[in-house]
Amino acid sequence: MPRSDASIANLPRHVAIIMDGNGRWARKRHLPRAAGHVSGVSTVRAVVRAAIDIRLENLTLYAFSSENWKRPALEINHLMGLFRSYFREDIEELVRRNVRMRIIGSRRRAAPDILAMIEDGEARTAGNDGLNLTFAFDYGAQEEIAAAARELAEAAVRGELDPTAITTSLFATHLSTGELPEPDLVIRTGGERRLSNFLLWQSAYAELVFAETLWPDFSRNEFLDALNAFARRERRFGAVEPEAAA
Ligand code: IPE
Ligand code: IPE
Ligand code: MG
């Protein structure tokens with residue numbers, strides 16, 4: 001049933017999505033895994049448009065993990081081709097719809113032309129102040145945390161940082177998500193119940209929604225359903241409800 005976008009109460013500030021299930025979607029149809037990734041790009045477009053329409057502040061999409069390099073070269077090449085065509089075809093719409101697009105993850109391994117497209121997209125959308133759309137691309141949370149520790153240790157060795165000044169909030173500014181609020185809601189499609197090295201620090205108190213739906217079948221309506229499920233959750237952050245505190 002179509003529902004009104006205006007009906008979403010208690011919108012999270014930051015939604016992060018582990019877009020999983022493309023391969024299984026293809027296998028069910030006796031198609032190559034690549035076909036699942038192609039179809040998955042349409043879901044990316046649908047979810048980004050929904051996020052813009054409901055005026056979500058921050059959306060982070062897990063597009064390629066640092067461990068995904070372990071996949072067969074053929075699949076990796078196909079995925080990289082899809083990133084190329086996404087950045088080529090969609091940046092214009094993101095610019096027009098006031099989206100600020102950025103990438104988190106390592107920039108050391110991707111092909112130079114993809115990096116150039118990413119940097120061009122980031123520069124062209126940098127002045128926008130609508131949806132903050134972040135793609136986690138060649139991203140791994142453990143490496144991100146180790147890199148933050150390395151930066152702080154180097155500053156301490158140079159004598160520029162007193163180790164006792166290292167707090168959780170200082171540490172967080174050294175993560176790649178620096179100025180983003182922590183995700184309130186992490187959605188994983190595809191039925192697996194794990195984080196697969198995604199935003200491990202940042203998701204400390206995120207609500208988790210696991211959807212059985214494979215990513216290519218995930219829809220705008222299911223995205224809105226997940227937001228409504230979030231709105232019904234009671235978040236305590238380790239405290240107790242005010243009425244229970246007496
Ligand atoms: C997610 O779908 C896309 C990427 C990891 C790039 P998968 O390719 O992991 O699909 P499944 O999990 O094998 O079905
Ligand atoms: C997580 O999915 C990575 C992305 C969605 C980009 P994977 O399919 O790589 O995760 P595992 O291997 O099932 O944990
Ligand atoms: Mg998977």
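A polar contact here is a pair of N or O atoms within 3.5 Å; within protein, one atom must be able to donate a hydrogen and the other to accept it, and residues adjacent in sequence count only if both atoms are side-chain atoms. The model is predicted, so local features need pLDDT of at least 70 and side-chain atom pairs count only at pLDDT 80 or more, while totals for chains, interfaces and linings use all residues. Residues are numbered from 1 along each chain as its sequence is written, chains are lettered from A and ligands numbered from 1 in the order in which they are written, and side-chain values use heavy atoms, with hydrogens and water left out.

## Ligand 1

Around ligand 1 there are 13 residues, the closest being Asp20, Gly23, Arg24, Arg33 and Arg71; a residue belongs to such a shell if one of its heavy atoms lies within 4 Å of the molecule. By class, this shell holds three nonpolar, five polar and five charged residues. In this scheme Ala, Val, Leu, Ile, Met, Phe, Trp, Tyr, Cys and Pro are nonpolar, Asp, Glu, Lys and Arg are charged, and the others, Gly among them, are polar.

Helix H1 (22-28), helix H2 (33-53) and helix H3 (73-96) each contribute at least two residues to the shell, and H1 has the largest share with three residues. Helices (H or I, at least four residues) and strands (E, at least two) are DSSP runs numbered from the N terminus.

A polar backbone atom of Gly21 lies 3.4 Å from an oxygen atom of ligand 1. Side-chain N or O atoms of Asp20 and Arg71 are also paired with ligand oxygen atoms, and their distances appear in the table below. On its own, ligand 1 exposes 380 Å², and the protein buries 87% of that; areas come from the Shrake-Rupley method with a 1.4 Å probe, and for residues only the protein chains shown count as cover.

## Ligand 2

The shell of ligand 2 consists of Ile18, Met19, Asp20, Tyr62, Ala63, Phe64, Asn68, Arg71, Arg188, Arg194 and Ser196. Its classes are five nonpolar, two polar and four charged residues, and E2 supplies the largest share, three residues. Side-chain contacts to oxygen atoms of both ligands are set out here.

| Ligand | Residue | Distance |
|---|---|---|
| Ligand 1 | Asp20 | 2.8 Å |
| Ligand 1 | Arg71 | 2.7 Å |
| Ligand 2 | Asp20 | 3.1 Å |
| Ligand 2 | Arg194 | 2.8 Å |
| Ligand 2 | Ser196 | 2.6 Å |

Of the 390 Å² of accessible area that ligand 2 has on its own, the protein covers 77%.

## Pockets

Pockets and cavities are found on a 1 Å grid over the protein atoms alone: a cavity is a set of points where a 1.4 Å probe fits but cannot get out, and a pocket is an open set with protein on both sides within 12 Å along at least five of seven lines; lining residues have an atom within 4 Å of a point. Grid points are joined across faces, edges and corners, and a volume is the space filled by probe spheres set on the points.

Ligand 1 sits in the largest pocket, and ligand 2 occupies the largest pocket as well; a molecule sits in a pocket or cavity if more than half of its atoms lie within 2 Å of its grid points. The volume of this pocket is about 710 Å³. It has 31 lining residues, of which Met19, Asn22, Tyr62, Ala63 and Asn68 are the closest to its centre. H1, H2, strand E2 (58-65), H3 and strand E4 (132-139) each give two or more residues to this lining. The lining comprises 15 nonpolar, eight polar and eight charged residues.

The second largest pocket has about 280 Å³. Its lining has 16 residues, with Gly105, Ser106, Glu143, Glu144 and Ala147 closest to the centre. E4 and helix H5 (141-157) each give two or more residues to it, H5 giving the most with five. Four of the lining residues are nonpolar, six polar and six charged.

## Cavities

There are two cavities of 30 Å³ or more. The largest cavity, about 40 Å³, is lined by Arg45, Val48, Arg49, Tyr86, Asp90, Glu93 and Leu94. H3 gives the most to this lining, with four residues. Three lining residues are nonpolar, none polar and four charged.

The second largest cavity holds about 30 Å³. Ile18, Val186, Ile187, Arg188, Arg194, Leu195, Leu208, Val209 and Phe210 line it, seven of them nonpolar and two charged. Strand E5 (185-188) and strand E6 (207-210) each supply at least two of these residues.
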